[in-house]
Amino acid sequence: MNSQFYTVDMDIGVCQLRNLSISFLSSVLAKETTPVRLDNSSSGASLVAIDNKIEQAMDLVKSHLMYAVREEVDVLKEQIKELVERNSQLEQENSLLKTLASPEQMAQFQAQVQPSSGSPTATGSSNPQPSSQSSGTST
């Protein structure tokens, strides 16, 4: 399911970049149409001029796209780094809570979790309930 969200986000980003590129290319070419029309008498020179303008515009679009992609990659790398750090913190907290909880508290917690979720493994083990129970006895 996460991959679908990333695909949708990436598709939206690509469409936005494509629209930006098309509008940018159109604006660059629109500014240069007057000199090209003046060169219509010499068709060979005008074709070269058009080719050069198109190549310049495409290079500019390419550099803008590469910059946008690099920027997005940097943002995503930072998000991944933050999520990995948060995951590590939560795993440490979960481990600590499990070690501080008495067997009775763990059994009580698992009994509370089993009816609410279909699996006997406690996916919500970072739930603060055992923490408040164990903090009164161990602190």
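This passage walks through the fold of the chain, its long third helix and a nonpolar patch on its surface.

The structure is a predicted model, and its layout is pretty simple to read. The chain holds five helices and zero strands, so going along the sequence just gives α-α-α-α-α. Not much is tucked away: out of 139 residues, 10% count as buried. About 10,800 Å² of the chain is exposed, with carbon and sulfur atoms supplying 59% of that area. As for who touches whom, take the contacts between residues at least 6 apart in sequence; 64% of these join residues at least 24 apart.

Helix α3 runs over residues 43-100. With its 58 residues, α3 reaches 84 Å from its first C-alpha to its last, which is close to the 86 Å expected at 1.5 Å a residue. The buried residues of this helix are S46, A57, V61, N94 and L97.

One spot on the surface is worth a look. L47, I50, I54 and M58 together make a nonpolar surface patch of about 330 Å². One of these residues, I50, sits in α3. Is I50 buried, exposed or partly exposed? Its relative accessibility comes to 31%, so I50 counts as partly exposed; the buried label would need a value under 20%, and the exposed label one over 50%. The spacing of a helix helps with reading such a patch. An α-helix has 3.6 residues a turn, so residues three or four places apart point the same way.

How values were computed:
Residues numbered from 1 in each chain as written. Predicted model: local features only at pLDDT ≥ 70, side-chain atom pairs only at ≥ 80, totals over all residues. Heavy atoms only, no water. Patch = residues over 30% accessible without salt bridge, like charges linked within 9 Å, V, L, I, M, F, W, Y side chains within 5 Å. Areas by Shrake-Rupley, 256 points an atom, 1.4 Å probe, with all protein chains shown as cover. Salt bridge = Lys/Arg side-chain N within 4 Å of Asp/Glu carboxyl O. Helix = DSSP H or I, 4+ residues; strand = E, 2+ residues; numbered from the N terminus. Buried < 20%, exposed > 50% of the residue type's maximum accessible area, 1.4 Å probe, protein only. Contact = heavy atoms within 4.5 Å. Expected span 1.5 Å × (residues − 1).
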